[in-house]
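Hi,

Here is the structure I promised to pass on. Have a look at it first, and then read my notes below.

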Amino acid sequence: MTRTLRLVLLPLLLLSLSLGTAGAAANVKVGKEVFQNNCRTCHTASGEGGALSPAEKTRAQWRRFFKKTEHPGQPGIFQQLSEDEKKSLRLFLDHNAADADHAETCG
Ligand code: HEC
């Protein structure tokens with residue numbers, strides 16, 4: 001590789017790395033925390049919402065769930081979340097849905 005080429009490629013590489021992290025507003029790990037902090041409060045076996053884990057629904061079912069503007073019986077739950085939190089939550093549920101590649105139960 002010539003020196004000039006390297007001088008051009010290095011900044012491009014650094015730029016793409018920094019763009020990569022800056023664009024990662026939605027994050028599965030954050031989504032898991034959002035789930036635990038905002039959904040687990042009611043969704044446990046003995047809670048009023050009943051047990052709920054990401055793997056109880058398929059990706060399509062979770063997608064449909066988020067298309068509804070209101071959580072059943074509990075309007076306002078989604079409104080409390082920021083856009084980034086919602087994106088991360090959706091990502092977490094999607095990654096761990098029943099038909100996802102690496103299904104994981106949540107606690
Ligand atoms: C304040 C308590 C409460 C919180 C917080 C809560 N839920 Fe619920 N959730 C309920 C109750 C109660 C029901 C049952 C409503 C009904 O069937 O009428 C329910 C139902 C559901 C259902 C439907 C269950 C099914 O089998 O189809 C889903 C999905 C769900 N909640 C997801 C969530 C998610 C995701 C969050 C976090 C963003 C969340 N809930 C936060 C109380 C809660």
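Before the ligand, one definition: a residue counts as near a molecule if its C-beta atom, placed from the backbone, lies within 6 Å of it. Keep in mind too that this is a predicted model.

With that in hand, start at the ligand. There are 14 residues around the ligand, and those that come nearest are Cys39, Cys42, Gly49, Pro72 and Gly73. By type, the shell splits into 6 nonpolar residues, 7 polar ones and 1 charged one.

Cys39 is a good one to follow from there. You'll find Cys39 in the loop between α2 and α3 (59–67). Is Cys39 buried or exposed? Cys39 has 20 other C-beta atoms within 10 Å, and 20 or more is what the cut-off asks for, so Cys39 counts as buried. Along the chain, Cys39 and Ile77 are 38 residues apart, yet their C-alpha atoms are 8.8 Å apart in space.

Cys39 also turns up in the largest nonpolar core. That core has 8 residues, with Val34, Phe35, Trp62, Leu89, Phe92, Leu93 and Ala97 alongside Cys39. Two elements, α2 (28–38) and α4 (83–95), each give two or more residues to this core. The largest share comes from α4, with 3 residues.

So much for the core; now for α4 itself. This helix has 13 residues and reaches 18 Å from its first C-alpha to its last, close to the 18 Å expected at 1.5 Å a residue. Which residues of α4 are buried? They are Ser88, Leu89, Phe92 and Leu93. Looking down the axis of α4, you'd see these buried residues fall within an arc of 135 degrees, so they line one face of the helix. What they pack against is α2 and α3.

One last stop is Phe78, in the loop between α3 and α4. Phe78 has 16 C-beta neighbours inside 10 Å; buried needs 20 or more and exposed means 12 or fewer, so Phe78 counts as partly exposed. Leaving aside residues up to four places away in sequence, Phe78 touches His71 and Lys86. The C-alpha atoms of Phe78 and Asn38 are separated by 9.4 Å, although the two residues are 40 apart along the chain.

If you want a place to begin on screen, try Cys39, since Cys39 is among the residues that come nearest to the ligand and is also part of the largest nonpolar core.

Cheers

Conventions
Residues are numbered from 1 along each chain as its sequence is written. This is a predicted model: local features need pLDDT of at least 70, side-chain atom pairs count only at pLDDT 80 or more; totals for chains, interfaces and linings use all residues. Ala, Val, Leu, Ile, Met, Phe, Trp, Tyr, Cys and Pro count as nonpolar, Asp, Glu, Lys and Arg as charged, and the others, Gly among them, as polar. A nonpolar core is a set of buried Ala, Val, Leu, Ile, Met, Phe, Trp, Tyr and Cys residues joined through C-beta atoms within 7 Å. Helices (H or I, at least four residues) and strands (E, at least two) are DSSP runs, numbered from the N terminus. The expected span of a helix is 1.5 Å times one less than its number of residues. The arc is that of the directions from the helix axis to the C-beta atoms. Two residues are in contact if their C-beta atoms, placed from the backbone, lie within 7 Å.
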